[in-house]
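Me: I'm trying to get my head around this model, and I'd love a close look at a single part of it. Could you pick up one strand and walk me through what surrounds it?

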Amino acid sequence: MKKVQLHKGVMKVHYNAPQRIIDRAIELANQYLAGGLTPRKLSNKKGLVLDIDPDNRIVIDNTGKMNLLQHQQYNTWITRNLK
């Protein structure tokens, strides 16, 4: 797992993402941290999601930790980590 530095924190990258996806994720995460973006809530109310593109998402748990996930990892990660 790779960690990427943001303006106000760290985001964990859970797969070998292309650099263009990481750059876009950093841009969106920094906009969220600055108050410029409103993420959607998960249906279980235990986290927030920022969509990067149809195949990649940033999941923000209730403690504020950010995780960059592929679409295939997304559902499994939520059920295992956001209880």
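What follows is a walk around strand β6 and its surroundings.

Reply: Sure, let's do it. Keep in mind that this is a predicted model, so everything below describes a prediction.

Let's get our bearings before zooming in. The protein chain has two helices and six strands, and from the N terminus on they come in the order β-β-α-β-β-β-β-α. With a radius of gyration of 12 Å, close to the 12 Å that the globule rule gives for 83 residues, the chain is as compact as a globular protein of that length. Its C-alpha atoms fill a box of roughly 30 × 30 × 20 Å along the principal axes, and 39% of the 83 residues are buried.

Now for the sheet. The six strands form an open sheet with mixed pairing, and the order across it is β1-β2-β6-β5-β4-β3. Which strands stand at the edges? Those are β1 and β3 (40-41), and each has a single partner strand, so one side of each is left without a neighbour in the sheet.

Our strand, β6 (66-70), sits between β2 and β5 in that order. With β2, β6 pairs in the parallel sense over three bridges. With β5, the pairing is antiparallel and has five bridges. The hairpin of β5 and β6 has four residues between the strands, and there Gly64 takes a positive phi near 95°.

How enclosed is β6 by the rest of the structure? Four of its five residues are buried, so the strand is largely enclosed.

A good residue to zoom in on is Asn67, which belongs to β6. Is Asn67 buried or exposed? Its relative accessibility is 5%, so it counts as buried, given that the cut-off for buried is under 20%. Asn67 also ties into both neighbouring strands: it is the bridge partner of Lys12, and it is the bridge partner of Val59 too. Its side chain has a polar partner as well, since the side chain of His14 makes a polar contact with it at 2.9 Å. Leaving aside neighbours within four places in sequence, the residues in contact with Asn67 are Met11, Lys12, His14, Arg57, Ile58, Val59 and Trp77.

What about the other side chains along the strand? In a regular strand, side chains alternate between the two faces of the sheet. Two β6 residues turn up in the largest nonpolar core: of its 17 residues, Met66 and Leu68 are among those that touch the most other members, along with Met11, Ala17, Ala25, Ile52 and Ile58. The elements giving two or more residues to this core are β1 (2-6), β2 (9-13), α1, β4 (47-53), β5 (56-61) and β6. Helix α1 gives the most, with five residues. There is also a second, separate core of eight residues, which includes Val49, Tyr74, Ile78 and Leu82.

Ile58 is worth a stop, as it turned up among the contacts of Asn67. Not counting residues up to four places away in sequence, Ile58 touches Met11, Ala25, Ala29, Leu48, Val49, Leu50, Ile52, Met66, Asn67 and Leu68. Ile58 is also the bridge partner of Leu50. The strands involved there, β4 and β5, pair in the antiparallel sense over six bridges.

Next, the helices. Helix α1 (residues 19-33) lies across β1, β2, β4, β5 and β6, running at about 135° to β4. Helix α2 (residues 71-81) packs on the sheet too, touching β3, β4, β5 and β6, and its direction makes about 130° with that of β6. So which helices touch our strand? β6 is on the list for α1 and on the list for α2.

Two residues of α1 make a nice contrast. Asn30, which is found in α1, is buried, with a relative accessible area of 15%. Asn30 touches Leu6 and His7, again not counting residues up to four places away in sequence. Gln19, also in α1, is partly exposed, with a relative accessible area of 46%. The side chain of Gln19 makes a polar contact with the side chain of Asp23, at 2.8 Å.

To pull back to our strand: β6 pairs with β2 in the parallel sense and with β5 in the antiparallel sense, and four of its five residues are buried.

Technical notes
Residues are numbered from 1 along each chain as its sequence is written. This is a predicted model: local features need pLDDT of at least 70, side-chain atom pairs count only at pLDDT 80 or more; totals for chains, interfaces and linings use all residues. Side-chain values use heavy atoms; hydrogens and water are left out. Buried means under 20% relative accessible area, exposed over 50%, partly exposed in between (1.4 Å probe, protein chains only). A polar contact is a pair of N or O atoms within 3.5 Å; within protein, one must be able to donate a hydrogen and the other to accept it, and residues adjacent in sequence count only if both atoms are side-chain atoms. Contact means heavy atoms within 4.5 Å. A nonpolar core is a set of buried Ala, Val, Leu, Ile, Met, Phe, Trp, Tyr and Cys residues joined through side-chain atoms within 4.5 Å. Two strands pair if DSSP finds at least two bridges between them. Axes are lines fitted to C-alpha atoms, for helices over the stretch in contact, and angles run from 0 to 180 degrees between N-to-C directions. The radius of gyration is taken over C-alpha atoms; the globule rule is 2.2 Å times the number of residues to the power 0.38.
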